[in-house]
Amino acid sequence: MKMKNVMILVAALWLGACASQPKALVVENPLPIALGDPYILRASDGNFYMYGTGGVADGFMAYVSPDLNTWESLGQVYAGNTDSSWAVANFWAPEVYERDGKYYMFFSADWRENPTGELENFRIGVAVADTPAGPFRELSSGPLFDPGYPIIDANVFCDEDGKCYLYFSRCCYKHPVESEVADWAREQGMFDEIEESWIYGVALKPDFSGVIGEPVLLLQPPTKMDDAQSEWESRSVTSGEVNRRWTEGSVTFKRGDTYYMMYSANFFGGKNYAVGYATAKSPLGPYTKAANNPVLEKNVEKGGIVTGTGHNSVVTLPDGAMYCVYHGRTADTGDERVVFIDRMEIMPDGTLVVHGPTTGPRNE
């Protein structure tokens, strides 16, 4: 009788322990969500909120999930191109941050103020809401700041000392750069010039109302053909897709005393879009690109069906597990960008690894 009671107690304890364990993350890639530049916020209410480019006109929509598996549309959470808005078109790459009980959306859009009729007049703005589901209202009547050239892809990192930093990409528009790749393209009769986008960082004001100081150049495409990064970062040019080399879509986080900056290279609309990373000992660099780049790229040459992988964000679960959130394309989705979520980790030697792209269901 006593032994039976002991067995019942052990079984009860085992069942209780199992019930308290978090459920394994089960993701079936790609998600049935057609967004580019996806960003996931793990909010203080315990839910996950996804934002991205597309889905609605003149603004952004959002999705909510309790577990990263099942997602519900929240509809449009920010609307631009109104009579009072500084932002009038090309609404791209929203990211939302929780700070002091408010939610701040950083995004890119065309600036209404365009006296010279620029074709690419992108700037970065901030909108604020009381909840991650919005509605988000623009924080001011103009963009966050004006560096004098078009910029996109805002990402914010707040360090342990409370200081926050804005990272962004200068657009390729009217930014031709001389390099051995540009020389090669001219010799091949492919392109007369190669425009480039570069990633910058700058300190943010504590209330997110502006920047402090001048932006610092952090990352750019390699200038030499024999650079270890040159082959993968130049594919948009060497494949003949377009006369531009991108360094964009950055996301910065810290592990130990090392700052990791993930970034995307090549044409966002092409099959060669891919992700690499660089590391630094200070939030504003200098950054050194990793030897194992790219860490995420198309897999069609390896029997897969995914191309155009890029512009990622990173979501960390309460247990410390990290996931790479990005967009890509498959044979079924065609030119439409859809969302993927794959496991990523920092190895004991500091190397960053993304376990993707994957398709179909799997347990993590």
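Colleague: Which residues form one aromatic cluster with Tyr39?
Modeller: This is a predicted model: local features need pLDDT of at least 70, side-chain atom pairs count only at pLDDT 80 or more, and totals for chains, interfaces and linings use all residues. Residues are numbered from 1 along each chain as its sequence is written, while side-chain values use heavy atoms and leave out hydrogens and water. Joining Tyr39 in that cluster are Tyr97, Tyr104, Phe106 and Phe208.

Colleague: How many aromatic pairs does the structure hold?
Modeller: Rings of Phe, Tyr and Trp (its six-membered ring) pair if their centres lie within 6.5 Å; planes under 30 degrees apart are stacked, over 60 edge-to-face, the rest tilted. Counted that way, the number of aromatic pairs is 23.

Colleague: What is the angle between the planes of Tyr51 and Phe136?
Modeller: Their ring centres are 6.3 Å apart. The pair counts as edge-to-face, with the planes at 85°.

Colleague: How many residues apart in sequence are the parts that Tyr51 and Phe136 tie together?
Modeller: Look at where each one sits: Tyr51 is in strand β3 (residues 48-53; a strand is a DSSP E run of at least two, numbered from the N terminus). Phe136 is in the loop between β8 (122-129) and β9 (137-138), so the pair ties together parts whose separation in residues is 85.

Colleague: Is Phe136 buried or exposed?
Modeller: Buried means under 20% relative accessible area, exposed over 50%, partly exposed in between (1.4 Å probe, protein chains only). Phe136 has 2% relative accessibility, so it is buried.

Colleague: Why is the pair of Tyr78 and Phe107 called tilted?
Modeller: The ring centres are 4.9 Å apart. The pair is tilted because the planes of Tyr78 and Phe107 are at 40°.

Colleague: In which strands do Tyr78 and Phe107 lie?
Modeller: Both residues are buried. Here the pair links distant parts of the chain, 29 residues apart. Tyr78 is in β5 (residues 72-79) and Phe107 is in β7 (residues 102-111).

Colleague: Which side chain does a polar contact join to Thr53?
Modeller: Thr53 is in strand β3 and is buried at 8% relative accessible area. Leaving aside neighbours within four places in sequence, Thr53 is in contact (heavy atoms within 4.5 Å) with residues including Leu35, Phe91, Trp92 and Arg337. A polar contact is a pair of N or O atoms within 3.5 Å; within protein, one must be able to donate a hydrogen and the other to accept it, and residues adjacent in sequence count only if both atoms are side-chain atoms. At 2.6 Å, the partner of Thr53 is Asp37.

Definitions and conventions. Helix = DSSP H or I, 4+ residues; strand = E, 2+ residues; numbered from the N terminus.
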